[in-house]
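Q: Please take one part of this assembly and look at it closely, going through its pairing and then its surroundings. I would like a single connected account, with the cut-offs behind each term.

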Amino acid sequence: MSPLEQTPLQRERARTIFQKGAPGRRAFVCPELDVPAVDASELLPERFRRRQPPRLPEVSEPEIVRHYVGISKRNFDLDSGFYPLGSCTMKHNPRLHERVAALPGNARLHPLQDAERAQGALELMWNLQGALAEIAGLPHVSLQPSAGSHGELAGVLLTRAYHEDRGGGGRVPNKVLTPDTAHGTNPATVTMAGYEVVKLATDADGGVDLEDLRAKADTDVACLMLTNPNTLGLFDPNIVEIAEIVHGVGATLYYDGANLNAVMGVSRPGDMGFDIVHFNLHKSFTQPHGGGGPGSGPIAVSDRVAPFLPVPLVAQREDGGYELDYGRGRAGSKSIGRLRGFHGNYGCFVRAYAYIRSLGGDGLTDVSEAAVLNANYLLARLRQQGVAEYLPLAYGQLCMHEFVLSGGPMRQRLQIKTLDLAKRLLDFGFHPPTVYFPLLVEEALMVEPTETETRETLDAFAEAIAAILKEAAADPEIARGAPYTTPVRRLDEVAAAKRPIIREALA
Amino acid sequence: MAEASYPPDLLYHPEHDWARIEDDDSQATLGITWYAQDALGEVVFFEPPALGTILAKDAPYAEVESVKAVSDVVAPLSGEVVEVNHALSESPGTINEDPYGEGWLVKVRLSAPAEREALLDASSYKALLAG
Amino acid sequence: MLAVIGVPTLAEIFERQVPAAVRLQRPLALPDGLGEQDVYEHLRALAERNSSVEDELSFLGAGMYDHYVPALVDMLTERSEFLTPYTPYQPEISQGGLQAMFEYQTAISELTGLPVANASVYEGPSAVAAAAYLAKLHNGRRRLVVSAGLHPHSIQTLRTYAHGYDMEVAEVPLRDGVTDPDAWARAIDERASAAIFAQPNFYGAVEDAAALSAAAKAGAGASGANGAGADAPVVIAQVDPITLGVLASPGECGVDVAVGEGQPLGNRLDFGGPSFGLFAAREQYLRRMPGRIAGETVDVDGRRGFVLTLQTREQHIRREKATSNICTSQALNALAGVVYLAWLGRRGIVELGELLLARTHYARERLAAIDGVEPLHSQPVIRELALRLDADLAAVRRRCALAGVNPGVDVHALGDRPQDRGVLLVAITERRTRQDIDRLAEVLGAAVAAERDAAATSELGVPA
């Protein structure tokens, strides 16, 4: 591209903060040394001291602000545009949540503050636990896990503890079943917890293949990990039978809460027969994604798994006050122990709690209903736009809160791949849907609009997809060379993996 | 290598690995097939096993990594590693360009040459791919 | 909309997909929704029942600390462009976040003196567990040798994870406040997968990190003329990043993997989270590192850009062979961290460290002078110190609270170890001035004296 054709952001060269500043510049002014000066070697022996200081930048405050504000402009974000990433639930992040999370009583509260002086925080956690239990249909909750995948690990470790307790020292099951449409975290988690992964086939309708499940469900199986609706956006109609088969061999049934947005107030995982549910507070409960984190992954479990929950738990005292119950970590307790420091991502609890109080039970049900409505509407709009012949729905007719299209026909007939479609969407001002997942679907495109998008936005998105396909029919090279208008164009990921450069080299 | 190719003088393992056995059955050169490299995409990393490592037929002995996937490399035959292709650390993409020539992975001294009976010839392997 | 979809009612969309047997037949039993103002008032009322570090003079530490966070961190982390995007899977429109990760990785690499760092993991103790998994993948051995100087939460977390990894945890005791060097050397043999210690340790003591690393490498026994061959266990250090301007870096000390709790770097206390965990290592472990990593590359026009790289290590591609199951990086918290480090700057991190060193030393002198209070050990301290009280610690703390002072953490209540009864952990940050320390000495002194009097009185056999 010639210099005249570039956008202003494209013309800017990427320079890191380490390439800015000059010797002597500073932002921080150190408080004065107000204690008696002591000989340096008396404070700390020379051999324990650092020889060369870390080569952090030397920049002033205005430089820092201009730098980071500057790079922020090279980011697309949810406040700025539509983000239909399947399985990510990119719903609006209400700003009230930032305000309440920033209240000093929350933000500046030390985790080891005495319970008597943290009653507000403990009550908030207790209330949140109760709300999550009601939504899940499972009575016992731990808020401790730090993210969805952390909650999954907790679930598998709980399963292990459950089986070891029942087994009384004898042989314990060593396998975990997961559908071939499962999110990548599931198999990784399973291995970390010492189990072997066994994949389950998906049937022609997109649900768990019951024949395959019956064949593989035996007493060697510790757990079946599922999400419902699944990653195809479909509610498994056989869920009750699946639960029976799994419980029949003594295994636990684990619910990956990534798709909870479809069923709040509609159907509860506990009622479907699940023993363990994890929530992603950063999905259905509006904790902002922050560019990748933080998140929070509380779990809710059935009576039979409850004895093994991590410590500490939030408990109510006889006098009506609240405390952190560490008693379970003492000898004689069956708890699996701790999964992290302190008690969880409280900042995320505040936001999730504010959300739940804002919506109430009816509001949360509305959320799921609107999410499902929006997804089905978008699916239908895409069909109306003539998109279905190139991007057919992979399974089924209707969907829940998300749907998966296959780009196979598009690739064959228009010579562009799902990747190219996604990159061209960037030029249209939309974040693309999730691509190439689930692996089961050829050239997969997973679309989750969420309930906070207007009809107008959904229409515009459908029109953009149709326009890109039409453009590709005339000239496939356009999409293949996209994007053209983003701060950088297509990046060489192969080079990045071959010779990784993962930090700025400094003189 | 743009076109699928399965040289007739090689033997193939169903996990998409090939073996070229020396005339006297003492040694074999091993690698991954055109199908494997095509499925992976451009290879970005390959770490060979150390010299002297004992390979067991059907067991994985290394990994080949591309941007989008990592794949086990399975030993078609048992033996001891006597040579590794160090050039691949600089140019792992050779595995894609020339999977049967410059893209060889290791050479082994065979411990049980009779294992070759269990391997597929080129046409059987091609049939497996088609089926 | 229903017309476009082709169904008469919304209810039908659910009826056709969700079996009646699992439909919830009643509304969710939750309080009714409230408008923003009412939600705000409710949350504010709850927050007012918490005593934050604004409400008392606090010396609480033990892993999270009340450092001063400059206003520009809040301003930047509240920006839509940093707060609301997802993980950067479409790098062309995520250069801001990816560059911030790259800068953060550079900063952590500099702090730790180790060449490769990831874009962060969840927090401190689980970072230790992640490092142990790296060791397991690296050498396949089963034993984790762990100094008792590690934070109790780290040890507990490690035990939980180790059960899943099928690894055992062997704890090495302290002597004179630091890891017992003889016990450490004895514990590390050819079965050891990793050797793990904290710097500074949980009781505030500065360890001889170089000696611990060297002993771990020599102690593998078995192979290698130089003792540090492929059979040496992976040496892991849990570090406090705020001290790394002054203390010798893990890289300088022969450590292989450095992990730590990142909260002191520009992050809130938030009653324990979210924060971030730092994770850095020697070059050879790059492909075994968990979590996200941002890498540099170029676009089709030759522009410098950044992408998530080495993703095959991560869960979503390698699946069962993944180096971890960590999906989230703590991107926003790590951003706060790198902005804070840029704000501190090359000289600031050293000056801050020196200030903490001086004030902590002063605090120990003042507090040790109190009757009934003695330092737990006489090792160098840098930002935290441990005291043993010859008085009922819980009662002492209650008295201090009445005077508006929180003197520190009751260590026994935290870690449940019998030898920690009566031990108080006092944290010093740059927000605790000399005046504050003097006030602590005064209040603590009075409280200890009062409790010792009360105990003495009751010992004289005053009838119940």
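A: B:Ala19, in the part chosen here, stands opposite B:Leu30 in E3(B). The model is a predicted one, in which local features need pLDDT of at least 70 and side-chain atom pairs count only at pLDDT 80 or more, whereas totals for chains, interfaces and linings use all residues. Residues are numbered from 1 along each chain as its sequence is written, while chains are lettered from A and ligands numbered from 1 in the order in which they are written.

The part in question is strand E2 of chain B, residues 17-21; strands (E, at least two residues) and helices (H or I, at least four) are DSSP runs numbered from the N terminus. Four of the five residues of E2(B) are buried, so the strand is largely enclosed by the rest of the structure. Here a residue is buried if 20 or more other C-beta atoms lie within 10 Å of its own, exposed if 12 or fewer, and partly exposed in between, with C-beta atoms placed from the backbone.

On one flank, E2(B) runs antiparallel to strand E1 of chain B, residues 11-13, to which three bridges join it; two strands are taken to pair if DSSP finds at least two bridges between them. Across this pairing B:His13 stands opposite B:Asp17 in E2(B), and the hairpin that E1(B) and E2(B) form has three residues between the strands, with B:His16 taking a positive phi near 70°. E2(B) is also joined by five bridges to strand E3 of chain B, residues 27-32, and again the two run antiparallel. The hairpin of E2(B) and E3(B) has five residues between the strands, and in that hairpin B:Asp25 takes a positive phi near 65°.

These two pairings belong to an open sheet of six strands in chain B, ordered E1-E2-E3-E9-E8-E5, with antiparallel pairing. Its edge strands are E1 and E5 (54-55) of chain B, each of which pairs on one side only. Further along the sheet, five bridges join strand E8 of chain B (residues 79-84) to the antiparallel strand E9 of chain B (residues 106-110), and B:Val81 stands opposite B:Val108 in E9(B).

The wider setting can be described through the chain contacts. Chain A and chain B each give four residues to the contact between them, two residues being in contact if their C-beta atoms, placed from the backbone, lie within 7 Å. On the side of chain A that touches chain B, two residues are nonpolar, none is polar and two are charged; Ala, Val, Leu, Ile, Met, Phe, Trp, Tyr, Cys and Pro count as nonpolar, Asp, Glu, Lys and Arg as charged, and the others, Gly among them, as polar.

The contact of chain C with chain A takes 167 residues from chain C and 169 residues from chain A. Helix H12 of chain C (residues 331-368) supplies 22 residues, the largest share of the side of chain C that touches chain A, and that side divides into 82 nonpolar, 48 polar and 37 charged residues. C:Val339 touches, leaving aside residues up to four places away in sequence, A:Ile64, A:Tyr68, C:Leu72, C:Val73, C:Leu76 and C:Gly266. As for chain A, the chain has 17 helices and twelve strands, and 59% of its 507 residues count as buried. Its C-alpha atoms fill a box of roughly 80 × 70 × 45 Å, taken along the principal axes.
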